Amino acid sequence: MMQELGLERFSNDIFPFDLTPSQTSSTSFSIDEEESAEAKIRRLISEHPVIIFSRSSCCMCHVMKRLLATIGVVPTVIELDDHEVSSLPMVLEEEYSGGGSVVIPTPAVFIGRECVGGLESLVGLHLSGHLVPKLVQVGALWV
């Protein structure tokens, strides 16, 4: 019925992701069991041209995905639990903020290993006309 109305369902492209080491993983991502949460986040950022880190059931993440889908991009979405979200700022303080302290919003979107920020930043990038060229530059969109 949703497809008859022209609506798409995005539940299949969200991956609940446990950053704590375990013997098995329910996601399709390869995970080194000795890898720390911070290292996993860094690796995921480097492996995916467009990736969103979100809390479970985040409505802003849905808006981000809809905006990107409208443009023609399907991002990788990683859902983090509250205790896992705290690993995100640790990774970003050094590598993505120039060493300064920064508060990372969730959802946080990365395009080409660069932290764009939250929903407001993504929409601002789109309205300024810089989002599509950035997506083309990182190979997430072909025009």
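This report walks through the side-chain contacts, the cysteines, one helix and one surface patch of the structure above.

The model is predicted, so local features need pLDDT of at least 70 and side-chain atom pairs count only at pLDDT 80 or more, while totals for chains, interfaces and linings use all residues. Residues are numbered from 1 along each chain as its sequence is written, and side-chain values use heavy atoms, with hydrogens and water left out.

**Salt bridges**

Let us start with charge. Side chains of opposite charge can pair when their charged atoms come close. Here a salt bridge means a side-chain nitrogen of Lys or Arg within 4 Å of a carboxyl oxygen of Asp or Glu. Searching the whole structure turns up two of them.

One joins R43 to E47, with 3.3 Å from N to O. Both residues sit in helix α1 (residues 37-47), four residues apart, or about one turn of the helix. Helices are DSSP runs of H or I with at least four residues, strands are runs of E with at least two, and both are numbered from the N terminus.

The other bridge pairs K134 with E114, whose closest N and O atoms are 2.9 Å apart. K134 belongs to helix α6 and E114 to strand β5 (residues 114-117), so this bridge ties together parts that are 20 residues apart in sequence.

How covered are these four side chains? The table gives their relative accessible areas, where buried means under 20%, exposed over 50% and partly exposed in between (1.4 Å probe, protein chains only).

| Residue | Relative accessible area | Class |
|---|---|---|
| R43 | 17% | buried |
| E47 | 44% | partly exposed |
| K134 | 16% | buried |
| E114 | 42% | partly exposed |

**An aromatic pair**

The structure holds one aromatic pair. F53 and F110 meet edge-to-face, with 5.8 Å centre to centre and 90 degrees between the planes. The pair links distant parts of the chain, since F53 is in strand β2 (residues 50-55) and F110 in strand β4 (residues 108-111), 57 residues apart. Both F53 and F110 are buried. For reference, rings of Phe, Tyr and Trp (its six-membered ring) pair if their centres lie within 6.5 Å; planes under 30 degrees apart count as stacked, over 60 as edge-to-face and the rest as tilted.

**Cysteines**

Which cysteine sulfur is closest to that of C58? It is the sulfur of C59, but at 5.6 Å it is too far for a bond. For C61, the nearest cysteine sulfur is that of C58, 5.7 Å away, and C61 is in no disulfide. The search of the whole structure finds zero disulfides, a disulfide being a pair of cysteine sulfur atoms within 2.5 Å. C58 is buried at 17% relative accessibility, and C61 is buried at 4%.

**Helix α5 and a surface patch**

In helix α5 (residues 119-127), the buried residues are L119, L122 and L125. They span an arc of only 130 degrees around the axis, which puts them on the same side of α5; the arc is taken from the directions from the helix axis to the C-beta atoms. On the face turned away from this buried side, α5 carries the exposed residues E120 and L127.

Finally, V132, V136 and V143 make up a nonpolar surface patch, together offering about 260 Å² of accessible area. Of these, V136 lies in helix α6 (residues 131-137) and counts as partly exposed at 32% relative accessibility. Patches are made of residues with over 30% relative accessible area and no salt bridge, with like charges joined within 9 Å and nonpolar side chains (Val, Leu, Ile, Met, Phe, Trp, Tyr) within 5 Å. Accessible areas come from the Shrake-Rupley method with a 1.4 Å probe, and for residues only the protein chains shown count as cover.
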